[in-house]
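Hi,

Here's the structure I said I'd pass along. Have a look at it first, and then read my notes on the pockets below.

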Amino acid sequence: MLYEHWKRVEAKEVAVPPWYHDPITEHQLNRLKEDGTKLPGRPLSKGQASDLIGLGEEVDPGQFEILKFFKVTGLPLKHGSLAAIEIDRLLSDPEKASKWINRPATPLQKEYYRYFNIPVPKGLTASEAEEKMGSDDLTDDQSDEWFAYSELIEELQDKDFREDYDLKKPSLPIIRQAIKQHLDQGTKLDALSADDLVDTILSIKPDLEKA
């Protein structure tokens with residue numbers, strides 16, 4: 001996949017920044033040697049070296065979200081540079097780019113509106129929600145509360161976390177109810193952990209425990 005990408009760059013079928021064609025730097029060369037990367041038998045450009053280094057880096061959450069949206073499988077999910085290449089390829093298609101920009105808001109984004117008592121606009125897109133969440137002038141306390149609240153939701157819905165407890169994926173209303181029970185008992189939101197909520201969730205909905 002990487003060599004095919006380089007061929008497309010050389011054929012000017014793929015747009016890359018001007019620095020991509022600069023000579024490899026000494027720092028990059030040392031990094032590749034440290035990583036034990038097998039180098040091609042020809043000079044590398046700065047961009048190609050960056051691509052090779054990226055093979056050893058993880059896919060970041062933002063990249064993973066895009067790849068998951070387009071149902072991409074295989075190597076792009078495992079290597080940062082391959083993820084970037086595949087995303088560039090996908091979003092260079094105007095139809096796919098429009099589909100990504102206009103994707104529906106996620107349940108967690110809609111929960112942000114609910115948490116701060118903001119009506120959820122009909123047809124809210126993820127991009128609109130991102131812009132709203134990034135531009136709202138929250139106090140420090142509000143920002144800290146939302147961070148703690150959203151972290152609990154994300155962890156409780158995370159597959160790896162749930163497997164440790166044989167827990168099926170809880171819905172947002174169930175998580176919301178479990179959190180409220182602890183807050184009503186005087187526990188501070190930032191003192192709550194996802195582990196604290198598992199038993200409460202199962203007491204509310206016992207069939208969420210895997211048999």
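From which domains does the lining of the largest pocket draw at least three residues each? Domain 1 (1-101) and domain 2 (107-208) both contribute at that level. Bear in mind that this is a predicted model.

Now for that pocket itself. The space in the largest pocket comes to about 1100 Å³. It is lined by 23 residues, and those closest to its centre are Phe-64, Glu-65, Lys-68, Thr-106 and Glu-154. Four helices each give two or more residues to this lining: H4 (61-69), H7 (107-115), H9 (140-156) and H10 (159-164). H4 supplies the largest share, with six residues. If you're wondering about the chemistry, the lining of the largest pocket splits into ten charged, nine nonpolar and four polar residues.

Then there's the runner-up. The second largest pocket has about 200 Å³ of volume, and 13 residues line it. Nearest its centre you'll find His-5, Val-16, Tyr-20, Asp-51 and Asp-88. Here the elements giving two or more residues are helix H3 (46-54) and helix H5 (80-91), and H5 has the largest share of the lining with four residues. By class, the second largest pocket is lined by eight nonpolar, three polar and two charged residues.

That's what I have on the pockets. Shout if anything looks odd when you open the file.

Cheers

Conventions:
Residues are numbered from 1 along each chain as its sequence is written. This is a predicted model: local features need pLDDT of at least 70, side-chain atom pairs count only at pLDDT 80 or more; totals for chains, interfaces and linings use all residues. Side-chain values use heavy atoms; hydrogens and water are left out. On a 1 Å grid over the protein atoms alone, a cavity is a set of points where a 1.4 Å probe fits but cannot get out, and a pocket is an open set with protein on both sides within 12 Å along at least five of seven lines; lining residues have an atom within 4 Å of a point. Grid points are joined across faces, edges and corners, and a volume is the space filled by probe spheres set on the points. Ala, Val, Leu, Ile, Met, Phe, Trp, Tyr, Cys and Pro count as nonpolar, Asp, Glu, Lys and Arg as charged, and the others, Gly among them, as polar. Domain bounds come from an automatic or database domain assignment.
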